[in-house]
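Please give a short report on the structure shown here. Cover its cysteines, one helix, one sheet and some backbone details.

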Amino acid sequence: MQFHHHGYVSGDPRIQPAAGVGINRPVELPSEVDVLIVGTGPAGMLAAAQLSQFPGVTTRIVERRPGRLAIGQADGIQTRTVETFQAFGFAERIIAEAYRITETAFWKPDPTDPSRITRIARTPDDPADISEFPHLVVNQARVLDYFAEFMANSPTRMSPDYGFEFRSLSVAEEGEYPVTVTLVHTSGPHEGQERIVQAKYVIGADGARSKVRESIGCTLAGDQANHAWGVMDVLAVTDFPDVRLKCAIQSGTGGSILLIPREGGHLFRMYVDLGEVDPNNKGAVRSTSIDEIIRKANEILHPYTLDVRNIAWHSVYEVGHRLTDRFDDVLPEDRGARTPRVFITGDACHTHSAKAGQGMNVSMQDGFNLAWKLGHVLEGRSPESLLSTYAEERQVVAKNLIDFDKEWSTLMARKPEELEDPSELEDFYVRTAEFPAGFMTEYAPSVLVAAPEHQHLATGFPIGKRFKSAPVVRVGDSNPLHLGHHATADGRWRIYVFADPATPQTPRTGTASPAEEFAEWIANSSESPLAATPEGADPDAWFDLKVIYQQDHISVDINAVPAVFKPQVGPYRLTDHEKVYATDPVSDIFDLRGVDRGGVIVVVRPDQYVANVLPLTATAELGAFFAPLMPDKKSEKLPPAALPDTHTPAAVHISNGRKDDLTFSK
């Protein structure tokens, strides 16, 4: 975490100085906004949190409830999501609070007495070491709390506007605020009254029964599996030995249970198989009582018993797999002819069973994918055409998710004797571990993702997939750390320069090394992406440029490192020493990620996905890649995000208890 570059900070450094629309932010919902987000679920809150980092963008998020969510239905946090939490600064805190899944136990009928269940396997949760982060279980409400805290501490000082229900919207063909949204107050002195808000863009994150989806004419299509499950979060006394392990339980009676321990050491969730649903009387299973769910759970667990003492939450649902036909308001025949204005995310786009733990996780990645693109377009960093890539990228991901969940939920519902192989369930779980962990997403080549022409230069950083972090050592302070952990959710592109074998030396002798030649080009060429950085902004305002040397940290002379890797930032133009890295003595990142030692450029999107891999000499290709993503010409107006802050105590020097007024040069 970096701070003090605008002056001494004596308080919580996570609280960023207010800037742009965050200065004197109106408490009441304005009548005109840049982005209106409908729904404070995981997709909506992550999108709002990302947009809160764009001080020039007016974003508001509305919710029909009168206040924060108290009990969330979702609870599984996959490792890819924890990587995302790291970018938002709360991974360590939520890991400490959550239940950590390390193993999954599989229980089946005892061959000698099928009326009893017995444990037949215990599999590691991450046998392939997919990520350095763990697989967690924590209440969805707590996830939303962390995003709310991040938003409140952001430059825009964002917070949800509770007590507004979405009613309808219309999109005009022109105008600065073409989307007219009708809301209705659901609580407070204005309850029942309508409120009109004009927006440039709208995000519908309002769940499976989305009214935003309905307003733009999208429909969910798919199937019902006609199989029901009762789900309950309980505090109970039981002699079942694996009650604190994730378990897949199949009984001789034909019923199944998926058991998920919860945070706090005592609470756990059970998905209890209620069997086939009569298509002519679906109301019967939906009215299943909690007593019946508990009775069924005891039947499946035999010879073990379950004595439920407290029920935090319960429900009954049928497995369904549905996908919407569109992710935005552009009809197929208009695709490419106009800009999307309304987008839908999360359960508004895709519904499936809860047993693979994917709903909240995939929804958040929807929000991450969309929000940075909106921020870039609204701040003038990128053309509006960027927004069409949201639907192109995320609809494929949703389809893959539904296909996976169909197979997993079908296996879970089968009786043991119906499986082709006795170990089919656990084998599938291990074989497909990378998918539910969130790491099988691979975006196809597009304006945002290059073709894999140079993939062989960095085989461990697959283009289109998430940037897989690895250990390095920071040269300036000799701290060992993970390279990817310092990519915060600030809306910036990352350009990682993996240097050639030459060691930077002072004084420099002979011809410039490839890394030095690249540094000269990216710092000074008019074709460099850095040339788009607005006049007066910090040099790294739009692009976070880092260099990784092949030597150990002691062998790298920090003074010999090209200046572009040590930008001067803030009103004092202080040198940033945290962008220069060396290899870890135990885990060399060049070997670990298959990086060619001739030197490689790895470009990573603001949402942590690898966009391009190039040799150090391919400067023209790098410039050409970014050209369609940049403004048509260099902006003359400095975005609020890059302005030196003069509005808060963070911009005041404090010495010996005295505050000295400062004069900033802009």
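## Cysteines

The structure holds zero disulfides, a disulfide being a pair of cysteine sulfur atoms within 2.5 Å. Cys-218 is in none, and its nearest cysteine sulfur, that of Cys-349, is 8.0 Å away. Cys-349 is likewise in no disulfide. Cys-218 is buried, at a relative accessible area of 5%. Cys-349 is buried as well, at 0%. Here buried means under 20% relative accessible area, exposed over 50%, and partly exposed in between, using a 1.4 Å probe and protein chains only.

The model is predicted: local features need pLDDT of at least 70, side-chain atom pairs count only at pLDDT 80 or more, and totals for chains, interfaces and linings use all residues. Residues are numbered from 1 along each chain as its sequence is written, and side-chain values use heavy atoms, with hydrogens and water left out.

## Helix H8 and its neighbour

Helices (H or I, at least four residues) and strands (E, at least two) are DSSP runs, numbered from the N terminus. Helix H8 has 20 residues, 359–378. The expected span is 1.5 Å times one less than the number of residues. For H8 that gives 28 Å, and the end C-alpha atoms are 29 Å apart, which agrees. H8 is mostly covered, with 19 of its 20 residues buried. Just after H8, Gly-380 takes a positive phi of about 80 degrees.

Helix H2 (residues 79–87) comes within 9 Å of H8, axis to axis, and the two axes cross at roughly 40 degrees. That makes H2 oblique to H8. Angles under 35 degrees count as roughly parallel, over 145 as roughly antiparallel, 65 to 115 as roughly perpendicular, and the rest as oblique. Axes are lines fitted to C-alpha atoms, for helices over the stretch in contact, and angles run from 0 to 180 degrees between N-to-C directions.

## A three-stranded sheet

An open sheet has the strand order E3-E7-E4, with antiparallel pairing. Its edge strands are E3 (76–77) and E4 (99–101), and each pairs on one side only. Two strands pair if DSSP finds at least two bridges between them. Two bridges join E3 to E7 (residues 135–137). Ile-77 has Leu-136 as its bridge partner in E7.

## Backbone details

A cis peptide bond joins His-302 and Pro-303, with omega about 20 degrees. Pro-303 lies in the loop between H7 (290–301) and E16 (306–324). Two residues other than glycine have a positive phi.

| Residue | Phi | Loop | Relative accessible area |
|---|---|---|---|
| Arg-573 | about 50 degrees | between E23 and E24 | 34%, partly exposed |
| Gln-608 | near 80 degrees | between E26 and E27 | 10%, buried |
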